[in-house]
Number of protein chains: 4
Amino acid sequence: MAVKSQGPGSRGGAYAPEHTRRVLLEAATALFEERGYHATSVESIVSAAGVTKGAFYHHFGGKQDVLLQIQEDYIDSRLRNCEQVMESVTDPQERLRELIYEALVGIEKYRAQVSIFNAERRFLTGPDFAPIKAKRDKVNAFYESVIQQGIDEGVFSPDLNPRIVSFSILGMAAWALSWFRPGGQLSIRDVADQMSMLVLSGALVHTD
Amino acid sequence: MAVKSQGPGSRGGAYAPEHTRRVLLEAATALFEERGYHATSVESIVSAAGVTKGAFYHHFGGKQDVLLQIQEDYIDSRLRNCEQVMESVTDPQERLRELIYEALVGIEKYRAQVSIFNAERRFLTGPDFAPIKAKRDKVNAFYESVIQQGIDEGVFSPDLNPRIVSFSILGMAAWALSWFRPGGQLSIRDVADQMSMLVLSGALVHTD
Amino acid sequence: MAVKSQGPGSRGGAYAPEHTRRVLLEAATALFEERGYHATSVESIVSAAGVTKGAFYHHFGGKQDVLLQIQEDYIDSRLRNCEQVMESVTDPQERLRELIYEALVGIEKYRAQVSIFNAERRFLTGPDFAPIKAKRDKVNAFYESVIQQGIDEGVFSPDLNPRIVSFSILGMAAWALSWFRPGGQLSIRDVADQMSMLVLSGALVHTD
Amino acid sequence: MAVKSQGPGSRGGAYAPEHTRRVLLEAATALFEERGYHATSVESIVSAAGVTKGAFYHHFGGKQDVLLQIQEDYIDSRLRNCEQVMESVTDPQERLRELIYEALVGIEKYRAQVSIFNAERRFLTGPDFAPIKAKRDKVNAFYESVIQQGIDEGVFSPDLNPRIVSFSILGMAAWALSWFRPGGQLSIRDVADQMSMLVLSGALVHTD
DNA sequence: AATGAATGAGACTTCATTCAT
DNA sequence: AATGAATGAAGTCTCATTCAT
């Protein structure tokens, strides 16, 4: 089942600690997605990774620590992408399109992590997860600020409540996880276009 | 903490099976919402309900059975409400408004159940939960059919993909659970109005 | 699954208590044989019998009481049969043949009870089971006495130890439970004949 | 009551996995014999062995796994002994004597295991116990083949049914468990001699 | 860096029995 | 004679974590 990374008597540096760490993170991510955090035992993680419990606790403080690191990887990536959108585009309409697309791309690329986040949202609080929460709030703030910018610039309706609207957009994107199937008829681009269309122009047929 | 399982006004020592059952369901619902299904022990449920473990297993097949019944109660109510909307209103635009409102009202009224559903979605599959899944699919189908109806009647844009749009609407409503605070500045009506506005007219300012 | 023995409002005497009792005994016997005494719950007995727990405890003192009555029924029948053999036949050789046959017939007819006895032998001790033990000892004594009689009359070899021989005969008969299949190619008669032949004449070919 | 799981002379705090394992097996064997498998709790096993429940489940898959290993140890020994008899002796009469003796020696030496086997026979089926069943069948086949050999060589009566005879022999030996007391007046040798005499020559006095 | 035996608390569930009705 | 809700102790097993090596 497991492959020993090294025979006895080999030189110390050959153990490839980073490899062990990465393999553990990947195994945990897959299992957390499949069964959920609480239903995944440390035993099942180390068994899937082909290492022992000792190795696990050598690299991580515990099961929760793994959850934290998985989430941090994801939210870091998401935050970077949002920042890049905000830097490279300035038009609020275009920014919104890009942010919607970015959210969906994140879901496609980090499917497992998003799934875990949604399911374990309840446990991602508390002091340990404060940095993650801060980054999430920052991401959310980008969406709200773009709505506000659009209103201020007169291109978005002044009747909009930026908070509700931004959360609505984040919600429709987040929900895609539950129904979007990668590799199906629809591409992430298709979904993003539809959502942008809906959010910007609405469902009603216009006569203008 | 514990309530003796005896209905008000009942004779001393009388059995009150329905009361016991209800108290257990309520305790479980509250705890599942607060801590999550897996992190809630049967022990904590019976202790909160003021009954014994034996009584719990007399009324329910197990912890999962409780989860199932909680979800069934909720989805039944949701399905009934959707059906009523479809019967009492026929205009697609009006139907959509009402369905959006209905979804949010459900979230406000069955906050705990929705929260549990979202978190434990992974476990709400399998043969035991098939009836629940069927009802959920039926609810979802109402939303999609209304979009399709609007397109057919020429009031909604023919460029819309009914599936994506309906899931987007359901997503933005579902996500409200994570940020909407009952009793805060915004009412459910406010949120429903904003979402309807967004979905029907879009964020952009129109010149017509 | 269960059939109510009586509709509400019926006259008292119509409940047929003996029927309830018998049905419970039969259900328990079948389940004890199939799963063993310890692995059979009172719940499964009453469910198989189509009555409630209350009825069970109305008729029996508890699960062990049922076990006791099942064994008593069987051992009574066995004892009666042995006594009848001893009364109707006097020749030791013939008596032995008949006792061997009788033991096997008992196994065929009371298969479940014998199976239960063998498996739960350990629990058939203690004061509650003293009457049963006494009857068993009586049955065993018949076998031993016939061997002794044969030796005394000079027809059985004086080198035989009656105790060992009688237990050997009882053992070979009892063991038949584990391999004899009623309705198969061999009849109980066949088996009894072979065992009698073995016990009386031995396997070796004789030249007399 | 409890023995620290540390081998004699081992260094302080040293793990002794094999010792733990052995102690658990011994404790389980004794308790299974005394009270039966179902009436023995894991708690009582670990308490008698002086280890924790965790250690138990570290070494064994569960209570049934222990039962399986106990039985496997016994049947392996029995099979080895039978094979050795078959190799070292060729005369059918002598083989039968030896096989009878071997069966009784096994009962004396593995008294607890045989007792457990007889009582839990019902649970020793199913896929998990297939290897054990196969070995038992192999042992039984030796007895039957020896009867057949004797018939073929003209030393045993051609009227014998090898299957019935072999099961009869196995039955009388197995039953000895219920009445033979080690250390009593009779030795295993005595019992084996009596049984061999009975099986080979029969109870009747011969005139040849 | 890694092992894996051991811990001990706590998980879910079963069950024989009691008792108010 | 019968019901079935309720009990509470005990059952098997899991698990995150520790630690001697």
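Welcome to the tour. Start by selecting α1(C) and α6(C): these two helices make a left-handed crossing. Keep in mind as you look around that this is a predicted model.

**Stop 1: two helices in chain C**

Turn the view until you can see both helices lengthwise. The axes of α1(C) and α6(C) come within 9 Å and cross at roughly 55°. Since angles between 35 and 65 degrees count as oblique, that crossing makes α1(C) oblique to α6(C).

Now show the side chains where they meet. On α1(C), pick Thr29(C), Ala30(C), Phe32(C) and Glu33(C). On α6(C), their partners in the contact are Ala112(C), Gln113(C), Ser115(C) and Ile116(C). What classes of residue make up the contact of α1(C) with α6(C)? Colour them and you will find four nonpolar, three polar and one charged.

**Stop 2: where chain C meets chain D**

Next, show chains C and D together. How many residues does the contact take from each chain? The count is 41 residues from chain C and 41 residues from chain D.

On the side of chain C that touches chain D, the elements giving two or more residues are α6 (111–120), α8 (162–179) and α9 (188–201) of chain C. Which of them should you highlight first? Try α8(C), which gives the most to this side, with twelve residues. Coloured by class, the side of chain C that touches chain D shows 23 nonpolar, 15 polar and three charged residues.

**Stop 3: the axis between C and D**

Keep chains C and D on screen. A rotation of 180°, with 0.1 Å of shift along its axis, superposes chain C on chain D with an RMSD of 0.1 Å. The two copies are thus related as by a two-fold rotation axis. To find where chain C approaches that axis, select Gly202(C): its C-alpha is the nearest in chain C, 1.9 Å from the axis.

The interface fits this picture: 98% of the interface residues of chain C are also interface residues in chain D, so the copies meet through the same surface.

**Stop 4: chains A and B**

Switch to chains A and B. Chain B is superposed on chain A by a rotation of 180° with 0.1 Å of shift along its axis, and the RMSD is 0.1 Å. Which residue of chain B comes closest to the rotation axis? Select Gly202(B), whose C-alpha is at 1.8 Å. Here 100% of the interface residues of chain B are also interface residues in chain A, so these copies meet through the same surface.

**Stop 5: the DNA strands**

Bring up DNA strand E, which is surrounded by 42 residues. The closest are Gly54(A), Ser41(B), Gly62(B), Gly62(C) and Gly54(D). Then highlight α3(D), which supplies the largest share of the surface near strand E, five residues. By class, this surface divides into 14 nonpolar, 18 polar and ten charged residues.

Finish with DNA strand F and the 40 residues that surround it. The closest to select are Gly62(A), Gly54(B), Gly54(C), Ser41(D) and Gly62(D). Among the elements that give two or more residues to the surface near strand F are α2 (42–49) and α3 of chain A. Colour this surface by class for a last look: 14 nonpolar, 17 polar and nine charged residues.

Definitions and conventions:
Residues are numbered from 1 along each chain as its sequence is written. Chains are lettered from A and ligands numbered from 1 in the order in which they are written. This is a predicted model: local features need pLDDT of at least 70, side-chain atom pairs count only at pLDDT 80 or more; totals for chains, interfaces and linings use all residues. Two residues are in contact if their C-beta atoms, placed from the backbone, lie within 7 Å. Helices (H or I, at least four residues) and strands (E, at least two) are DSSP runs, numbered from the N terminus. Ala, Val, Leu, Ile, Met, Phe, Trp, Tyr, Cys and Pro count as nonpolar, Asp, Glu, Lys and Arg as charged, and the others, Gly among them, as polar. A residue is near a molecule or strand if its C-beta atom, placed from the backbone, lies within 6 Å of it. Copies are superposed by least squares on the C-alpha atoms of residues with pLDDT of at least 70 in both. Axes are lines fitted to C-alpha atoms, for helices over the stretch in contact, and angles run from 0 to 180 degrees between N-to-C directions. Angles under 35 degrees count as roughly parallel, over 145 as roughly antiparallel, 65 to 115 as roughly perpendicular and the rest as oblique. A crossing is left-handed if the near helix is turned anticlockwise from the far one by less than a right angle, and right-handed if clockwise.
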